[in-house]
Structures are given as structure tokens and as C-alpha cells.
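Hi there,

I am passing a structure on to you, and I thought a short tour might help you find your way around. Have it open while you read.

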Amino acid sequence: MYTIKLFLFIAPLVISSRIDQDNSPFDSLPLEPKSRFAMLDDVKILANGLLQLGHGLKDFVHKTKGQINDIFQKLNIFDQSFYDLSLQTNEIKEEEKELRRTTSKLQVKNEEVKNMSLELNSKLESLLEEKILLQQKVRYLEEQLTNLIENPPEIQEHPEVTSLKTFVEQQDNNIKDLLQTVEEQYKQLSQQHSQIKEIENQLRRTGFQEPTENFLSSKPRSPRTTPSFQLNKTKNAEEHGIPADCTAIYNKGEHTSGVYAIRPGNAHVFKVYCDIKSGRPWTLIQHRTDGSQNFNETWENYKHGFGKLDGEFWLGLEKINSIVRESIYILRIELQDWKENQHYIEYSFHLGNHETNYTLHLAEISGNVPKVLAEHKDLVFSTWDHKAKGVTNCPEIYSGGWWWNDACGEGNLNSKYNRPRTNSKPERRRGICWKSQDGRLYSFKSTKMLIRPKDPESSK
């Protein structure tokens with residue numbers, strides 16, 4: 001634009017100079033050579049002005065093209081944003097339809113509850129009326145009985161009194177039955193009402209709130225409580241024929257891995273997973289495979305067990321103690337890394353009871369991983385809600401229940417399940433960690449903890 005303005009300013013000057021030269025009073029003078037050179041200068045000026053004008057137009061065209069490209073890019077971005085917004089709008093409409101359907105169902109249930117409530121109220125009113133009538137009849141009968149006691153009737157009147165007593169007892173029983181029925185219906189109505197309230201609260205949370213997690217809390221989060229898996233218990237004397245452990249089951253001819261019922265010593269009957277390896281029966285007491293089970297559980301759940309025997313689970317300290325207190329047992333720990341490599345270590349061990357916080361005493365036998373658990377020392381089991389003396393804050397820092405010494409150690413197979421993308425050392429230590437050969441912590445893909453008698457012949 002500056003070049004165009006310059007050209008427009010110079011061109012009139014050049015033209016005016018040419019006009020002045022044409023109208024000069026000295027036209028008769030022979031000045032042809034000088035006039036010719038002056039015209040060449042004018043042409044050069046015009047050519048230079050045109051050249052600058054061309055460069056200016058070229059720059060202007062380039063700038064215009066860049067601006068047009070920017071506009072097209074912004075239009076593409078706007079189109080994409082508009083498309084994304086339309087998709088989100090469709091999703092919101094679908095969620096709105098689902099919420100409306102759920103709301104309509106809740107309204108139907110609410111109407112049913114209201115109808116039931118009205119029916120119950122009417123029944124209660126009728127029962128109250130019947131009660132008043134019965135009370136009047138009872139008063140009348142009491143007056144008659146009082147008269148009979150004060151004025152003893154003849155022997156022939158006794159059957160009438162007996163029939164009256166029978167009638168009164170029957171009416172009293174009927175009243176009790178009716179009251180019990182009303183109470184049961186009222187309890188059912190209250191349960192249904194509370195369930196509807198919970199569903200409505202869940203819908204509110206789902207529709208209008210985004211889930212958030214507070215990762216910066218200084219207090220340990222109370223983990224969700226997973227109910228212990230239910231185990232069958234005996235009801236008669238036939239439980240005496242149930243094997244004491246997996247070795248007894250194997251000796252009876254069951255050579256297939258699976259879930260079996262055992263009864264060690266005088267303990268209750270419970271189920272275990274028997275893992276048959278190279279002709280040896282092992283009892284599986286812990287299994288981690290995919291992180292589907294939360295292991296940051298309470299002391300009571302670690303004591304009695306949680307999870308599913310065909311998936312991730314912890315058998316329970318009380319059950320493990322009932323098995324191993326019969327004889328000397330071997331503890332085998334199997335670790336699988338994310339490259340499918342297998343590692344193991346075996347210990348002979350002794351496990352205490354609940355009075356000692358299930359103290360673990362180990363002595364290594366063999367293995368191809370470093371010795372992380374301290375040998376010939378008392379390792380105390382602790383959880384976030386049951387910390388033994390000297391354990392400090394290990395369960396809160398590293399998550400899960402485990403056998404700890406005076407230091408938190410370099411291994412915890414019951415901690416949080418971490419995927420390979422977690423690379424920082426603090427997170428690896430909070431995972432299913434075990435110190436590797438080079439001294440670094442490693443979070444494993446899956447773990448197993450198995451036990452069997454050290455001398456199989458000693459198992460009954």
C-alpha cells in the first residue's frame with residue numbers, strides 16, 4: 001500500500017513537469033537533446049514506480065492468500081467443533097431419554113407405594129375398629145366373668161364359660177396375627193421406600209455430578225469393604241469325613257486342580273483352591289492376576305478372607321493358621337513379570353495366631369529371586385486399621401495388609417495393582433513389588449502364595 005501511494009504521489013509531479021515543458025515560452029529554441037534525456041528520466045521514474053507497484057501488489061496478494069488460508073483453517077476448526085458439539089448433544093439427548101424412562105419407572109413405583117400405603121392405612125383403620133369392638137366385647141366378658149366369680153353359677157353353666165374363654169383366646173390370637181402381618185407389611189414398605197430413595201440419589205449423582213477423587217488428602221482413605229466370600233459349613237456329624245488339607249485330598253485320588261472343602265483339625269469346614277504342581281498338591285492362599293479385587297481391606301477381612309477362589313482372593317489368616325498349625329509347612333511365592341517370565345522362592349515357615357498378630361517366622365529353602373522377607377525374625381501382620389507395635393505407618397503408605405518388620409521392607413504382594421505405565425519409584429513401591437536382582441523395585445503382573453506340608457507323609 002505504501003508503494004502505491006508513492007507512485008500516485010510521483011506520477012502527477014512527472015506529468016505536471018512534462019506539461020510545463022510543453023508550454024514553455026522557449027519552444028523555438030533548439031533543445032532537442034535535453035528534452036530527449038528528460039523524457040528518458042520520466043520513463044525510468046514511471047518504470048521504477050510501476051516496478052514498486054508490482055512488488056507491492058505481489059506482497060499484498062501473498063498476505064491476502066495467508067489471511068484467506070487462516071480463515072479457511074478457522075472455518076475447518078469451527079466445523080469440527082460444531083460436529084463434536086452435535087455428537088455431544090446427541091449423547092446428552094440419549095442420556096436425557098434414559099433418565100426420563102427411569103423417572104417414569106420411579107413414578108410408577110412411587111404410585112404403587114402410595115397405593116400400598118393407602119391400603120395399609122385402610123387396613124390399620126379397620127383393625128383399630130375391630131380392636132375397639134373386641135375391647136368392648138372383652139370388657140363385657142370380663143364383667144360376665146366377674147359376675148360369675150361373685151355369683152358362682154350352677155354346674156350346667158360351666159360349658160358356657162368355657163366357650164367364652166375359648167372365644168376370647170381365639171380373638172386375642174387373631175389380633176396378634178393381624179398386628180404381626182401389619183408390622184411385616186410396614187417393614188417391606190419401608191425397605192421399598194428406602195430403595196427408591198437410593199435409586200433417586202444415584203440418578204441425581206449420575207446425571208448432574210462428575211466423579212472426583214481427592215489424591216491430595218493427608219488422611220488415609222477408608223477403602224471400600226468387600227464382603228468375605230461365603231463358605232459352606234457342616235450341620236451334622238458327617239463333616240468328620242472331610243479331608244484336612246489338599247495333601248489329604250490328593251492322597252484320596254483327586255489329582256485335578258480346583259476348589260475343594262477341607263476341615264483342618266477342629267476348625268470349621270471351608271473351601272480352598274488346591275493347585276497340583278508336578279505331582280505335589282499345594283493350597284493356594286493368595287492370588288493376584290488383574291487388579292479386579294481391592295486388597296486395601298480391613299483387619300477383619302484379612303483375618304477371615306475375601307475375594308473369589310476362582311479369581312483374585314486372600315484365603316484368610318485364621319484359615320491359614322488352622323491349616324499350618326498341624327505340622328511344619330512350606331511357603332512358596334510365585335511371581336510373573338510383564339514379559340511372562342516366572343520367578344519363585346520357597347521358605348519353611350511358622351505362623352502365629354491372632355494373639356501374636358499372626359507373626360510369620362521364615363527360613364529360606366530355595367528360589368531364583370532375592371530374599372526380601374527377613375529370615376529368622378518375627379514379621380508382624382498389619383493393616384491400615386490394625387497397626388502392630390513397631391510397624392509405624394507402613395500399611396497406610398504402601399497399602400494393603402502384609403507382614404512387616406521394624407522397617408517397611410522391599411516387598412509387598414498385597415499392595416495396589418499397578419500397570420507397567422507407572423514408572424516412578426514411589427508408585428512401584430506401592431504396587432505388587434519385590435526387589436529384583438539389581439536392587440531395583442519391580443511391580444509384577446501376577447502373584448501366587450501357596451503352602452504344603454514339609455513332609456507330605458505327616459499330613460493326615
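Let's begin with two aromatic residues: W299 and F381 are both buried. Before going further, please keep in mind that this is a predicted model.

**The aromatic residues**

How many aromatic pairs does the count come to? There are 12 aromatic pairs. In one of them, the ring centres of W299 and F381 lie 6.3 Å apart and the planes meet at 55 degrees, so the pair is tilted. For an angle to count as tilted, it must be neither under 30 degrees nor over 60. This pair also links distant parts of the chain, since W299 belongs to helix α5 (residues 299-304) and F381 to strand β9 (residues 380-382), 82 residues apart. If you are new to this kind of description, a pair of aromatic rings is described by the distance of the centres and the angle of the planes.

W299 and F381 are also part of one aromatic cluster, whose other members are F295, Y302, F306, W314, Y358, W402 and W403. F295 has a charged partner as well: the charged end of R288 sits over its ring, 4.0 Å from the centre.

**Strands β6, β7, β14 and β3**

R288 leads us on to the strands. In β14 (residues 446-453), the bridge partner of R288 is T447. Strand β3 (residues 280-288) pairs with β14 in the antiparallel sense over 5 bridges. T447 is also the bridge partner of L335.

Now look at strand β6 (residues 329-336): 8 of its 8 residues are buried, so the strand is largely enclosed by the rest of the structure. In a regular strand the side chains alternate between the two faces of the sheet. You can follow this in β6, where Y329, L331, I333 and L335 point one way, I330, R332, E334 and Q336 point the other way, and all are buried.

Which strands pair with β6? One is β7 (residues 342-351), joined to β6 by 8 bridges and running antiparallel to it. Q336, for example, has Q342 in β7 as its bridge partner. The two strands form a hairpin with 5 residues between them, and E340 in the turn has a positive phi of about 65 degrees. The other is β14, which pairs with β6 in the antiparallel sense, again over 8 bridges. There, R332 stands opposite L450. β14 is largely enclosed by the rest of the structure too, because 7 of its 8 residues are buried.

**Helix α6 and the cavities**

Is helix α6 (residues 317-324) largely enclosed or largely open? It is largely enclosed by the rest of the structure, because 7 of its 8 residues are buried. The buried ones are L317, K319, I320, N321, S322, I323 and V324.

I320 appears again in the lining of the largest cavity, along with I285, L331, F349, L351, L360, W403, M449 and I451. That lining also takes in W403, which you met in the aromatic cluster. β7 and β14 each supply at least two residues of the lining. The space inside this cavity is about 60 Å³, and the structure holds 3 cavities of 30 Å³ or more.

**The disulfide, and strands β1 to β3**

A disulfide is a covalent bond between the sulfur atoms of two cysteines. The structure holds 1 disulfide, and it joins C246 to C274, with 2.0 Å from S to S. C246 lies in helix α4 (residues 246-251) and C274 in strand β2 (residues 270-277), so the pair ties together parts that are 28 residues apart in sequence. The torsion about the S-S bond is about -85 degrees, so the disulfide is left-handed.

Are these two cysteines buried or exposed? Buried means under 20% relative accessible area. C246 is buried because its relative accessible area is 1%, and C274 counts as buried because its value is also 1%.

β2 pairs with strand β1 (residues 258-262) in the antiparallel sense over 5 bridges, and Y273 in β2 is the bridge partner of V259. β2 is also joined to β3 by 5 bridges, with the two running antiparallel. K277 stands opposite R280 in β3. Between β2 and β3 there are 2 residues, making a hairpin in which S278 in the turn has a positive phi of about 50 degrees.

Enjoy exploring, and write back with any questions!

Best wishes

How values were computed. Residues numbered from 1 in each chain as written. Predicted model: local features only at pLDDT ≥ 70, side-chain atom pairs only at ≥ 80, totals over all residues. Heavy atoms only, no water. Buried < 20%, exposed > 50% of the residue type's maximum accessible area, 1.4 Å probe, protein only. Helix = DSSP H or I, 4+ residues; strand = E, 2+ residues; numbered from the N terminus. Phe/Tyr/Trp six-rings, centres within 6.5 Å; stacked < 30°, edge-to-face > 60°. Lys NZ or Arg CZ within 6 Å of the ring centre and 35° of its normal. Pairing = 2+ DSSP bridges. Disulfide = S-S within 2.5 Å. 1 Å grid on protein atoms, 1.4 Å probe; cavity = no way out; pocket = protein on both sides within 12 Å on 5 of 7 lines; lining within 4 Å. Points joined across faces, edges and corners; volume = space filled by probe spheres on them.
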